[in-house]
Amino acid sequence: MLVFVFTALSLLSPCLATIPRPRGVAISMASFYKPDVPFQCLDGSKQVPFEYVNDDYCDCPDGSDEPGTSACTNGKFHCTNAGYRPINILSSRVNDGICDCCDGSDEWEGNIECVNNCKELGRKMREDREKQMQLQDSGYKVKLQYMEEGKKRRAEKRAEMETLEQSKVELEALKNEVEARKIEVEGPEKEAKEKHEQAWKEVQEAKKAELDKIKAETAFYEMDENKDNRVDLVEIKAHAQFDVDNNGEVCDSEAREHLEIGEEADHVDLEHFMEKVWPNIRDFYKSPAEQEDKGDNQEIEPKLPPRPGRRYVKNKLPMIERKKLQMRGKYTEDDGYIDHEEDDDEDEFDDDDDIDDDDDEEENRVGENKTGEEEAMPEYDDETKQLIAVADAARKQFTDADNALRDAENAIRDLQNYLNLDYGPNEEFSALKGNCYEYTDREYTYKLCGFEKATQRPKAGGSETTLGNWGKWEGTPEDKYAAQKYENGQSCWNGPNRSVKVNMKCGLENKVTGTSEPSRCEYAFDFETPARCTEPPARASDDTHDEL
Ligand code: MAN
């Protein structure tokens with residue numbers, strides 16, 4: 001059956017002529033279907049008489065002879081859809097009892113009554129289009145501002161950079177200058193300080209040597225129990241600390257070894273003791289009193305008797321202690337202990353008091369003051385002080401210049417980072433720089449900080465996860481700025497490092513409108529921004545379709 005209709009669309013304006021063509025053929029294809037010539041299959045494979053077109057029998061391999069029937073499985077039916085959008089449907093859908101075209105033209109056999117809702121759909125489409133236009137319109141106005149601000153910002157940053165580069169050169173020169181000055185004045189300062197410190201060291205060492213000598217002498221007379229001004233084998237054997245092999249007694253060889261004497265001798269005098277014995281035992285020598293306090297088994301006298309004519313004791317205070325106090329100006333042979341601040345403790349030295357108690361042991365050490373601290377070095381002389389003040393000032397100048405240079409370098413680096421970024425062809429995306437946008441879904445709050453990073457924080461609490469750091473623009477080759485990529489986020493267990501693709505489209509304000517995780521640890525954000533709005537084309541006076 002030949003089905004040949006001449007489509008007459010009453011809705012059309014008079015200037016659009018009705019173009020006769022077979023059913024299911026688009027106006028643009030009408031010229032291939034001429035009733036007075038044989039039909040050439042559109043793939044060029046063969047020719048058939050025009051009567052074969054839409055005769056419900058498939059002749060052409062490409063189905064082009066049956067545009068208005070369902071005879072060919074690969075045929076296409078064109079819905080004109082006047083008032084809306086024309087579409088092509090599979091010809092198998094023709095007369096299948098389902099309305100596919102909004103104008104109902106695919107169900108021409110009348111198996112089902114189709115309502116023509118093309119006008120309604122067209123109206124809706126135009127409304128949506130109008131809304132889109134308005135959105136683009138308003139968004140584009142904001143984008144123009146972004147562009148202006150972005151360009152201004154770039155120009156400012158460039159100017160700032162130039163100024164800073166200039167100051168950097170000057171600051172480098174200044175730093176070098178003040179550094180040279182610092183080095184120059186630090187020399188004399190160091191020399192003067194060292195001189196002072198050396199003198200102080202020498203005094204200290206002399207004091208130490210003096211105290212060591214006293215300690216050695218004290219030890220000698222402590223060991224010399226029979227007071228014959230010699231230390232002999234018997235006396236040294238009374239000191240368990242010389243029992244090197246720990247067999248419970250100090251044997252001859254151990255005693256000789258400590259006394260640094262051979263088989264032929266059995267004692268040492270003070271001079272030999274000071275020179276040969278004391279250096280080897282000073283670190284572990286314990287006075288009889290100390291040994292007793294430590295629970296030593298040695299039977300030794302707790303306190304040594306006064307020695308007439310010697311200064312060994314005065315008011316039962318060991319000489320070493322007296323010497324120490326004497327050096328600190330707190331003791332004289334005549335008056336004894338004279339530290340008035342410590343009058344309360346004076347009795348301590350008056351009698352057989354417990355001067356050897358554990359509590360006092362620390363205080364009785366040679367070469368240390370009462371608190372166990374080294375004596376403080378005296379102040380520097382005025383000349384050295386002056387040199388220090390000059391060097392301090394030079395050091396401060398150097399530190400200030402160094403800090404200023406560092407600040408300038410940091411500021412240059414920040415500016416460079418800003419200027420290296422691509423904020424779009426007209427700087428419009430610079431509005432996102434330094435700003436963050438949040439979006440909360442059922443489980444997480446997501447945050448996008450423009451050109452910086454994207455994060456995820458569980459709503460239920462817990463730490464923030466970095467999903468990615470600014471990477472690059474990742475739109476299509478034709479539309480580079482359609483998407484951003486944030487990459488190298490926190491690694492995903494058994495998976496890739498997290499990353500985010502931010503799809504950007506036109507909107508009136510900057511905001512994340514949705515988030516998803518299309519594949520594990522690979523996220524997608526939807527982002528609206530005026531920066532993506534385009535200049536709307538001039539509105540057509542008549543919005544009708546070309547087939548209308
Ligand atoms: C966290 C979140 C999720 C992610 C898993 C992967 O729970 O970052 O988005 O899928 O880790 O283990």
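Helices here are DSSP runs of H or I with at least four residues, numbered from the N terminus. With that in hand, welcome to four close-ups of a predicted model.

**View 1. Helix α3 and its surroundings.** Helix α3 covers residues 252–259. Which of its residues are buried? They are E254, A255, R256, H258 and L259. The cover over these buried residues includes two strands, β5 (230–232) and β6 (267–269), along with helices α2 (233–237) and α4 (270–281). Just after α3 comes E260, with a positive phi near 55°.

**View 2. An open sheet of eight strands.** Follow the order β11-β12-β13-β14-β15-β16-β18-β17 to walk across this sheet, where the pairing is mixed. Why is one side of β11 (436–440) and of β17 left without a neighbour in the sheet? Both strands stand at the edges, and each has a single partner strand, so one side stays free of a neighbouring strand. On average, neighbouring strands here are turned by 25° against each other, direction ignored.

**View 3. The β17 and β18 hairpin.** Here we zoom in on β17 (residues 511–519) and β18 (residues 522–529), joined in the antiparallel sense by six bridges. Look for S516, which stands opposite A524 in β18. Two residues lie between the strands of this hairpin, and C521 takes a positive phi near 70°.

**View 4. Strands β13 and β14 side by side.** Another antiparallel pair of the sheet brings together β13 (residues 453–458) and β14 (residues 465–473), this time over four bridges. To find your place across the pair, start at T455, which has T466 of β14 opposite.

Technical notes
Residues are numbered from 1 along each chain as its sequence is written. This is a predicted model: local features need pLDDT of at least 70, side-chain atom pairs count only at pLDDT 80 or more; totals for chains, interfaces and linings use all residues. Side-chain values use heavy atoms; hydrogens and water are left out. Two strands pair if DSSP finds at least two bridges between them. Axes are lines fitted to C-alpha atoms, for helices over the stretch in contact, and angles run from 0 to 180 degrees between N-to-C directions. Buried means under 20% relative accessible area, exposed over 50%, partly exposed in between (1.4 Å probe, protein chains only). Contact means heavy atoms within 4.5 Å.
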